[in-house]
Amino acid sequence: MNTESLVSRRAALCGIAVALAVPSGLVTACSSTGSSTGSSPTSAGGSEPTSGAAGSAGTALVALADVPEGGGAVVDAPGGRKIVIARISATEVKAYDASCPHQGSVVAEPAGGTITCPSHGSQFGASDGSVKKGPATSGLRAVAVKVDGDQVVLT
């Protein structure tokens with residue numbers, strides 16, 4: 001078989017794959033309006049978002065009973081994103097984009113006040129999303145949520 005034609009086909013297929021993947025990456029990159037330096041906690045029950053919208057306000061993410069006090073849960077958000085919910089107390093929850101700022105892996109559920117990335121060991125404070133241990137150099141991006149009845153909802 002002619003190796004020149006194999007390289008040409010491979011290069012063409014790679015070019016097509018890049019052309020299809022890049023526009024969605026550009027939309028994602030261009031839609032972020034906030035900083036990636038961490039989160040800005042607000043009053044009990046929520047956080048002020050530091051990145052683009054997580055979905056429709058009032059959208060239920062998880063039942064409060066499914067988020068253990070002192071722990072948390074990783075849930076699906078509108079648009080296919082993952083959100084990590086940390087239950088700080090009986091009535092207070094915090095939420096963050098579950099993508100580790102180091103390399104984008106999905107972080108694990110909070111335990112003992114810490115959210116850990118299973119890929120490289122970065123650790124973040126569950127109460128504010130700040131970096132406790134690298135290699136990540138910035139904190140998790142806050143997502144605004146509140147407790148509404150027995151549900152954790154986007155605000």
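Here are legends for five close-up views of a predicted model.

**View 1. The whole chain, strand after strand.**
Start by counting the pieces: this protein chain has one helix and 12 strands. The helix comes at the N-terminal end of the order, and the strands follow it. Of the 155 residues, 34% count as buried. On the outside, the chain exposes about 8,200 Å², with carbon and sulfur atoms supplying 56% of that area. Now think about who touches whom: among contacts with a separation of 6 or more, 48% are between residues 24 or more positions apart.

**View 2. Inside the largest nonpolar core.**
Which residues touch the most other members of this core? They are Leu-61, Val-75, Ile-83, Ile-85, Val-145 and Val-152, out of 15 residues in the core. Several strands chip in with at least two residues each: E3 (60-63), E4 (72-76), E5 (82-87), E6 (93-97) and E12 (151-154). There's also a second, separate core, made of 13 residues, and Cys-100, Ala-136, Leu-140 and Ala-142 are among them. As a bit of background, nonpolar side chains tend to be buried together in soluble globular proteins.

**View 3. Strand E5 and its neighbour E4.**
Take a look at how E5 is wrapped up. Five of its six residues are buried, so the rest of the structure largely encloses E5. E4 pairs with E5 in the antiparallel sense, and the pairing runs over five bridges. To find your way along the pair, spot Ala-73, which stands opposite Ile-85 in E5. That same Ile-85 also belongs to the largest nonpolar core. The hairpin of these two strands has five residues between them, and there Gly-79 takes a positive phi near 90 degrees.

**View 4. Strand E5 and its neighbour E6.**
Follow E5 onwards and you reach another hairpin, which joins E5 to E6 through five residues. E5 and E6 pair in the antiparallel sense, over five bridges. Which residue in E6 is the bridge partner of Arg-87? It's Val-93.

**View 5. Where to be careful.**
How confident is the predictor here? The average pLDDT of the chain is 74, and 63% of the residues score at least 70. Over residues 3-7 the pLDDT is below 50, and this stretch has one contact in the model beyond near neighbours in sequence. Residues 17-54 also have a pLDDT below 50, but that stretch has 63 contacts beyond near neighbours in sequence. Where pLDDT is low, don't read the predicted coordinates in detail.

Definitions and conventions
Residues are numbered from 1 along each chain as its sequence is written. This is a predicted model: local features need pLDDT of at least 70, side-chain atom pairs count only at pLDDT 80 or more; totals for chains, interfaces and linings use all residues. Side-chain values use heavy atoms; hydrogens and water are left out. Helices (H or I, at least four residues) and strands (E, at least two) are DSSP runs, numbered from the N terminus. Buried means under 20% relative accessible area, exposed over 50%, partly exposed in between (1.4 Å probe, protein chains only). Contact means heavy atoms within 4.5 Å. Accessible areas come from the Shrake-Rupley method with a 1.4 Å probe; for residues, only the protein chains shown count as cover. A nonpolar core is a set of buried Ala, Val, Leu, Ile, Met, Phe, Trp, Tyr and Cys residues joined through side-chain atoms within 4.5 Å. Two strands pair if DSSP finds at least two bridges between them. pLDDT is the predictor's confidence in each residue, from 0 to 100.
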